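This report describes the fold of one protein chain and then looks at a part of it in more detail. Please keep the sequence and the structure in view while reading.

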Amino acid sequence: MTRAVLKLAFASGLLVLGTAAWAQGSTATGPSGLPLVVAQGAGGTSYSVPIQTLLFFTALSFLPAVLLLMTAFTRIVIVLSLLRQALGTQAAPPNQVIVGLSLFLTFFVMAPTFDKIHDQAWQPYAAGTMPADQALQTGVQPLREFMLKNTRQSDVQLFSRLAKLPADVKGEAVPLRVLVPAFVTSELKSAFQIGFMIFIPFLVIDMIVASVLMSLGMMMLSPVLVALPFKLMLFVLADGWNLLLGSLAASFVT
């Protein structure tokens, strides 16, 4: 998990590193004489340890946005939340369990993409053979490919039209400011479609229980309370967690 977090931090950290070169300007030292640049050559710019530490911790603020909007986390956490509502359990599983399970399942789904970022961008940048701006472009490319594979063409066309891009622009050339909202919109659609399919069997149980209670004249007995054990029994007997988590992981194209 630590390696995956570092790879994800690198994707957002390079964004800050890319702006550092612009902020540096023509000087190589700060106001107090602290060296900002250790070396500058064909292999790129090497920043001093304090500056690298500052840029890294600044990049951590971008991690929530990257995790929520550019990975599989959105679809997974919405589907698990809808499952809890369909079961009728108010706090089981709790929010911490849902978010934690969604996070680890996201790392599982995004592992091939993170490996590409690590091999193609992080290792050359750490070895000093690739400058920060080129490492940023190379590191974003696997995320771009993942989002393109999991985004509906209609959503890409919608935001491309709103951004007034040329009609003949291809998906590979779509900028991130267009691709990210299109990907999020597509993920929301997929999550609600999966949630609809999850709700159907539990809704049938609710209707059957409500009809039986009404026919028996038990108007004061809550159908939700009576249906809950049957929902849990159905979900356990059908091996629901195995089916749901396996289907969620298989629903992404990596």
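The text below goes from the whole chain to one helix and then to a patch on the surface.

The model is predicted. The chain holds 10 helices and two strands. Read from the N terminus, the order of the elements is α-β-β-α-α-α-α-α-α-α-α-α. Some totals for the chain are listed here.

| Property of the chain | Value |
|---|---|
| Buried share of the 254 residues | 38% |
| Share of contacts with a separation of 6 or more that join residues 24 or more positions apart | 73% |
| Accessible surface | about 14,300 Å² |
| Share of the accessible surface that belongs to carbon and sulfur atoms | 70% |

Helix H9 covers residues 223-237, which makes 15 residues. At 1.5 Å a residue these should span 21 Å, and the end C-alpha atoms are indeed 21 Å apart, so the two values agree. Which residues of H9 are buried? They are Ala227, Lys231 and Phe235. An α-helix has 3.6 residues a turn, so residues three or four places apart point the same way. The buried residues of H9 pack against three helices: H4 (73-87), H8 (176-215) and H10 (240-250). After H9 comes Asp239, which has a positive phi, near 55°.

Met218 lies in the loop between H8 and H9. Its relative accessibility is 39%, and because buried means under 20% and exposed over 50%, Met218 counts as partly exposed. Met218 is also part of a nonpolar patch on the surface, together with Phe196, Met197, Ile200, Val204, Ile208, Val212, Leu216 and Leu221. The accessible area of this patch is about 830 Å².

Definitions and conventions
Residues are numbered from 1 along each chain as its sequence is written. This is a predicted model: local features need pLDDT of at least 70, side-chain atom pairs count only at pLDDT 80 or more; totals for chains, interfaces and linings use all residues. Side-chain values use heavy atoms; hydrogens and water are left out. Helices (H or I, at least four residues) and strands (E, at least two) are DSSP runs, numbered from the N terminus. The expected span of a helix is 1.5 Å times one less than its number of residues. Buried means under 20% relative accessible area, exposed over 50%, partly exposed in between (1.4 Å probe, protein chains only). Contact means heavy atoms within 4.5 Å. Patches are made of residues with over 30% relative accessible area and no salt bridge: like charges are joined within 9 Å, nonpolar side chains (Val, Leu, Ile, Met, Phe, Trp, Tyr) within 5 Å. Accessible areas come from the Shrake-Rupley method with a 1.4 Å probe; for residues, only the protein chains shown count as cover. A salt bridge is a side-chain nitrogen of Lys or Arg within 4 Å of a carboxyl oxygen of Asp or Glu.
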